[in-house]
Amino acid sequence: MLSNNIDRTPEGVLTFAGYDVTKLAKEYGTPLYLMDEARIRANCRMYLQAFRDHFGPGSLPLYASKAASFKQMYRIMAEEGMGGDVVSSGELYTALSAGFPAERIYFHGNCKTDADLAYGVSQGIGFFVADNREELLALEKTAAETNVTQKILLRVTPGIDPHTYEAVSTGKVDSKFGAAVETGQAMELVKLALTLPHLDLRGLHCHVGSQVFGEDVYQRTLDIMVPFLASIREETGVTLRDLNLAAFQFHHIARHAFFTAHGAGFPVQLHFSALDQLLGFAARFTQAGKFQQSIQFDKFRVDSYFFHRISLHS
């Protein structure tokens, strides 16, 4: 079987997390989506342990809640000590309704509305990940009106081609997301953010793409991002200590990040997001006893320092 939580009985009946799927389908009807809570929690703990082992204090794995934005998932993430990414006021509302700690929420997105900004600020979320000049100015206005200082990360594009599907390649110079390091735009936005009295720029965020399997992509990203952090310090006198990388193969990255960051002369807190892989295996049943391979399967191999992601389709 593809995963250790999927098996068959001696009679050949498919089981998921120890449950007979035909009985579940009869009880709940079809289509039926199943998630293995024990597997999800184990994956959370794996990430958290890896961060403790390899990254500095304050490092935090973030659950990309667009993967499954519903209350019980947020409760699990909160109980396990995860951070959370949201990309809409709806996701933020759901997370807060489930009791997820606002201070561990990061609000992403390149087209946040004024209402999104106002809602996030009013709820005391941990960070906005600001995408552009317009957002910085709008967020400064909103924070000033409520007399708060809002922590932010600035999204930048490192100019990396991850050699993945074009539609999910987000780290190239001409990406619609963030400001390019190579063109100087990122430095301009850093300097602007540092002048805004109600924004507290803590670090940078970048995302080079999805379905990226080559560890060299993230190593090359670090080789750009950490020197850029050093350049910011040299030009502004400010040391930004948070670096958020949307990455998966963190064991290789951990070693590379340690030497790169400390080689630049300062520690960096690393945050890795887009962890929809935490879902493990979700199974969909279209009728009693029939298993349709339609949802992604994510397998982790911590012992050999990589994981691979396989999409299955019927």
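In the predicted model, the buried residues of helix H3 pack against strand S4 (32-35), helix H2 (37-54), strand S5 (60-64), strand S6 (83-86) and helix H4 (89-97); contact denotes heavy atoms within 4.5 Å, and buried denotes under 20% relative accessible area, with exposed over 50% and partly exposed in between (1.4 Å probe, protein chains only). Helices (H or I, at least four residues) and strands (E, at least two) are DSSP runs, numbered from the N terminus. Residues are numbered from 1 along each chain as its sequence is written, and side-chain values use heavy atoms, with hydrogens and water left out. Because the model is predicted, local features need pLDDT of at least 70 and side-chain atom pairs count only at pLDDT 80 or more, whereas totals for chains, interfaces and linings use all residues.

Helix H3 spans residues 71-80, and its buried members are Met73, Tyr74, Ile76, Met77 and Glu80. Viewed down the axis of H3, these buried residues fall within an arc of 160 degrees and so line one face of the helix; the arc is that of the directions from the helix axis to the C-beta atoms. Gly81, just after H3, adopts a positive phi of about 85 degrees.

Strand S8 (residues 127-130) is covered on both faces, with Phe127 and Val129 buried on one side and Phe128 and Ala130 buried on the other. Strands S7 (residues 105-107) and S8 pair in the parallel sense over 2 bridges, pairing being assigned if DSSP finds at least two bridges between two strands. Within this pair, Phe107 stands opposite Phe128. The connection from S7 to S8 passes through helix H5 (residues 114-122) as a right-handed β-α-β crossover; right-handed means that, with the strands pointing away from the viewer, the path from the first strand over the helix to the second runs clockwise. S8 also runs parallel to strand S9 (residues 150-157), to which 3 bridges join it, and Val129 stands opposite Leu153 in S9. Helix H6 (residues 133-145) completes a right-handed β-α-β unit with S8 and S9.

The largest nonpolar core has 50 residues, and those with the most contacts inside it are Leu136, Leu154, Val156, Leu204 and Phe228. Such a core is a set of buried Ala, Val, Leu, Ile, Met, Phe, Trp, Tyr and Cys residues joined through side-chain atoms within 4.5 Å. A second, separate core of 7 residues includes Val21, Leu24, Leu32 and Leu34. Of the 314 residues of the protein chain, 51% count as buried.
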